[in-house]
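Q: Please take a close look at a single part of this structure, namely its disulfide bonding and the surroundings of that bonding. A connected account, with the cut-offs behind each term, would be appreciated.

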Amino acid sequence: MKNPPVKYPAGAKQLTTTLALFYASAVLGIAFWLITTATANAATCTLCHKRTLTINPICGSLEYQRHIDHGDTMGACGGTSTQRREDKKGRPVKKKPPVHAAPVRTAPGTN
């Protein structure tokens, strides 16, 4: 013997659909908030990379630990820039030495 079909009150299916959509959007919103605040509010630490470049990775991250394990020191590098120049392939570019003009030679006694 078959069970008789269930009769829902008027508007029950629409209410169920609305609640399911509300629940799904709330879950997605909370997940997005947790992901963005965890990375945005993470504290950064200052490291001196290869004694020439000051970098600021997130404290406790794998990147931070990798730098510490390879001998980079905590704190800023003395008298260096935090900017990193790279070529088109992403390799670091060393600064070229300044070009000085050749001294102008004058005839003796004509200063």
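A: In what follows, a residue is buried when its relative accessible area is under 20%, exposed when it is over 50%, and partly exposed in between, using a 1.4 Å probe and protein chains only. The model is predicted: local features need pLDDT of at least 70 and side-chain atom pairs pLDDT 80 or more, whereas totals for chains, interfaces and linings use all residues. Residues are numbered from 1 along each chain as its sequence is written, and side-chain values use heavy atoms, leaving out hydrogens and water.

The setting comes first. The protein chain contains two helices and three strands (DSSP runs numbered from the N terminus: H or I of at least four residues for helices, E of at least two for strands). Along the sequence these elements are arranged as α-β-β-α-β. Of the 111 residues in the chain, 11% are buried.

Within this framework, searching the whole structure yields two disulfides (cysteine sulfur atoms within 2.5 Å). One of them connects Cys-45 with Cys-59, at an S to S distance of 1.7 Å. Its S-S torsion is about 115°, so the disulfide of Cys-45 and Cys-59 is right-handed. Distant parts of the chain are linked by this pair, whose members stand 14 residues apart: Cys-45 belongs to the loop between α1 (12-40) and β1 (47-49), and Cys-59 to the loop between β2 (53-55) and α2 (62-69). The two ends of this bond fall into separate accessibility classes: Cys-45 is buried, at 18% relative accessible area, while Cys-59, at 31%, is partly exposed.

The other disulfide is formed by Cys-48 and Cys-77, with 2.0 Å between their sulfur atoms. The torsion about the S-S bond of Cys-48 and Cys-77 is about 110°, so this disulfide is also right-handed. It too joins distant parts of the chain, tying Cys-48 in strand β1 to Cys-77 in the segment after β3 (73-74), 29 residues away. Here both partners are buried: Cys-48 has 6% relative accessibility, and Cys-77 has a relative accessible area of 8%. When the bonded cysteines are numbered in sequence order, the pairing reads 1-3, 2-4.

Cys-45 also takes part in the packing of side chains. The largest nonpolar core (buried Ala, Val, Leu, Ile, Met, Phe, Trp, Tyr and Cys joined through side-chain atoms within 4.5 Å) consists of five residues, namely Cys-45, Leu-47, Leu-53, Ile-55 and Tyr-64. In soluble globular proteins, nonpolar side chains tend to be buried together. Another member of this core is Ile-55. If neighbours within four places in sequence are set aside, Ile-55 is in contact (heavy atoms within 4.5 Å) with Cys-45, Thr-46, Leu-47, His-49 and His-67. Across the whole chain, residues 24 or more positions apart provide 36% of the contacts with a separation of 6 or more.

The loop that follows the strand of Cys-48 deserves a remark on its backbone. Lys-50 is located in the loop between β1 and β2, and so is Arg-51. Most residues other than glycine have a negative phi. Neither is a glycine, yet phi is positive at both: about 55° for Lys-50 and about 60° for Arg-51. Both side chains belong to exposed residues, with relative accessibility of 61% at Lys-50 and 75% at Arg-51. In the adjoining strand β1, by contrast, Cys-48 is buried at 6%.
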